[in-house]
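This briefing covers strands, a helix, nonpolar cores, a cavity and backbone angles. The points are grouped by topic.

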Amino acid sequence: MPSHGIRDRVAIVGMGCTRFAEHWDKGVDELLLDAAGEAFASAGVTRDDVDAYWLGTAQSGMSGMTLSRPLRLRGKPVTRVENYCATGSEALRQAAYAVASGAYDVAMAIGVEKVKDSGYQGLNAFPIPDDGTQRTLTAAAMFSMVAPAYARRYGVSETEMRTVLARIAAKNHANGARNPRAQFRKEMPVERLRAMPAVAGGLSVFDCAGVADGAAAAVLVRAEDAARYTGRPLLIKALSLVAGDGSGVTDPSYDYTSFPEVAASAADAYAQAGVTAPREELAMAEVHDCFTPTELVLTEDLGLADRGTAWKRVLSGDFDRDGELPVNPDGGLKAFGHPVGASGLRMMFEAWLQLRGEAPPERRISTSGSRSLALTHNLGGYPGEMVSFVSIVGTS
């Protein structure tokens, strides 16, 4: 895939993130003000110092005014973007490219979603009715097909697969239990997770990400200007987006054990960043664990495990916070829930904390100080028809 990228041309110099939770006492405005305010303070800037804004939201507003009104922005370009569950990351990409182009000196990417008090209870793509040929399954039902498909292809027994998925959920809940910004902060033992009743295919409620409200924001400048704002910027190494053509759902050979859009965006991101051995070079990865089997397959599509081996690496603890390559050290979507417009920037916030050594000791990753690159990843849609976003950032 031809992609020139903007390696080391743009830096993140400030970030903010609310707690992800059922914010019954806050609206979209308050969440945006909280995240933006923390990011402004982090970068040492005011709203007037920021030249342009990109707002990511899927369901909480329809234009740039969703942000300009609560922040009282006057005479500023404010663009609202949406791209399924990659919406927050898309806002970051747009802001980064605008700075790299020279159009603006300082830009903000901010994502928000406020859905709990709307009655929204889960992921769906609210397709517009047409000729009746589109899928009618829920997200949980669609992603539930991944686990038995993976087990059949790689010879994993049903009992082993149940343990693998429970192990992924237990890891992410253990990480979230240590994170004050996470929605769910209780550890869940593997045996208890294994015993949960199924609600969609073989998936239990604890195989699914929750629903939450939240917001997160980043301030971006040209790399050569970063020292004016912080001595520890995150340099953007790669930003890659792939939108699939949906052919997987109509292709009888598609077997649900891989997400081609993810593999393609990862390959492009690694090429942009000059990463040739992600398992050895990345300090951590935040991946889109909307469902536990999703995280399993993602570690292979992202090149963090060889095909057919991720389940063994999960059981051996390789992706634990103190493992060889920590995956979702903040707790992931499992512990944070998934306010669609905010999740991508929430993942970047964890990279911001971990790579800069600001995560508290009880949350610090095993690779802290020895590696300087982090990967964040979002997917939106369903197996066979999705968008995928991969970013890589670093401290040097």
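Which residue in β4 is the bridge partner of Ala 52? The bridge partner is Ala 107. The model is predicted, and the points below start from the strand that holds Ala 52, β2.

**Strand β2 and its partners**

- Strand β2 covers residues 52-56, and 5 of the 5 are buried, so the rest of the structure largely encloses the strand.
- Ala 52, Trp 54 and Gly 56 point one way from β2, while Tyr 53 and Leu 55 point the other way; residues on both sides are buried.
- With strand β4 (residues 106-113), β2 pairs in the parallel sense over 5 bridges.
- β2 also runs parallel to β3, and 4 bridges join the two.
- Within that second pairing, Leu 55 has Arg 80 of β3 as its bridge partner.

**Strand β9 and its partner**

- Strand β9 (residues 282-286) has 5 of its 5 residues buried, so this strand too is largely enclosed by the rest of the structure.
- The pairing of β9 with strand β10 (residues 373-382) is parallel and spans 4 bridges.
- Ala 285 stands opposite Leu 375 of β10.

**Helix α10**

- Helix α10 spans residues 292-301; because 10 of its 10 residues are buried, the helix is largely enclosed by the rest of the structure.
- The buried residues of α10 include charged ones by name, Glu 295, Glu 300 and Asp 301.
- Other buried residues of the helix include Thr 292, Pro 293, Leu 296, Val 297 and Leu 298.
- Gly 303 follows α10 and has a positive phi, near 75°.

**Nonpolar cores**

- The largest nonpolar core has 54 residues.
- Those with the most contacts inside this core are Phe 259, Tyr 270, Leu 296, Leu 302, Leu 304 and Ile 392.
- Leu 296 also appears among the buried residues of α10.
- Setting aside neighbours within four places in sequence, Phe 259 is in contact with Thr 294, Val 297, Leu 298 and Asp 301, among others.
- Further contacts of Phe 259 include Phe 143, Val 146, Tyr 254, Leu 379, Pro 383 and Met 386.
- Another core, of 45 residues, lies apart from the largest one; among its members are Ala 98, Leu 239, Leu 345 and Trp 352.

**Cavity**

- The structure holds 1 cavity of 30 Å³ or more, and about 40 Å³ of space lies in the largest cavity.
- Its lining consists of Asn 179, Arg 181, Asp 330, Phe 336, Arg 346, Phe 349, Glu 350, Leu 353 and Arg 363.
- Helix α13 (residues 340-355) supplies the largest share of this lining, 4 residues.
- By class, the lining has 5 charged, 3 nonpolar and 1 polar residues.

**Positive phi outside glycine**

- Asp 8 has a positive phi, near 65°, although this residue is not glycine.
- Asp 8 is placed in the segment before β1 (10-17).
- Asp 8 counts as partly exposed because its relative accessibility is 31%, and the partly exposed class lies between under 20% (buried) and over 50% (exposed).
- Arg 72, likewise a residue other than glycine, has a positive phi near 55°.
- The loop between α2 (65-71) and β3 (78-81) holds Arg 72.
- The relative accessible area of Arg 72 is 53%, so this residue is exposed.

Conventions. Residues are numbered from 1 along each chain as its sequence is written. This is a predicted model: local features need pLDDT of at least 70, side-chain atom pairs count only at pLDDT 80 or more; totals for chains, interfaces and linings use all residues. Side-chain values use heavy atoms; hydrogens and water are left out. Buried means under 20% relative accessible area, exposed over 50%, partly exposed in between (1.4 Å probe, protein chains only). Two strands pair if DSSP finds at least two bridges between them. On a 1 Å grid over the protein atoms alone, a cavity is a set of points where a 1.4 Å probe fits but cannot get out, and a pocket is an open set with protein on both sides within 12 Å along at least five of seven lines; lining residues have an atom within 4 Å of a point. Grid points are joined across faces, edges and corners, and a volume is the space filled by probe spheres set on the points. A nonpolar core is a set of buried Ala, Val, Leu, Ile, Met, Phe, Trp, Tyr and Cys residues joined through side-chain atoms within 4.5 Å. Contact means heavy atoms within 4.5 Å.
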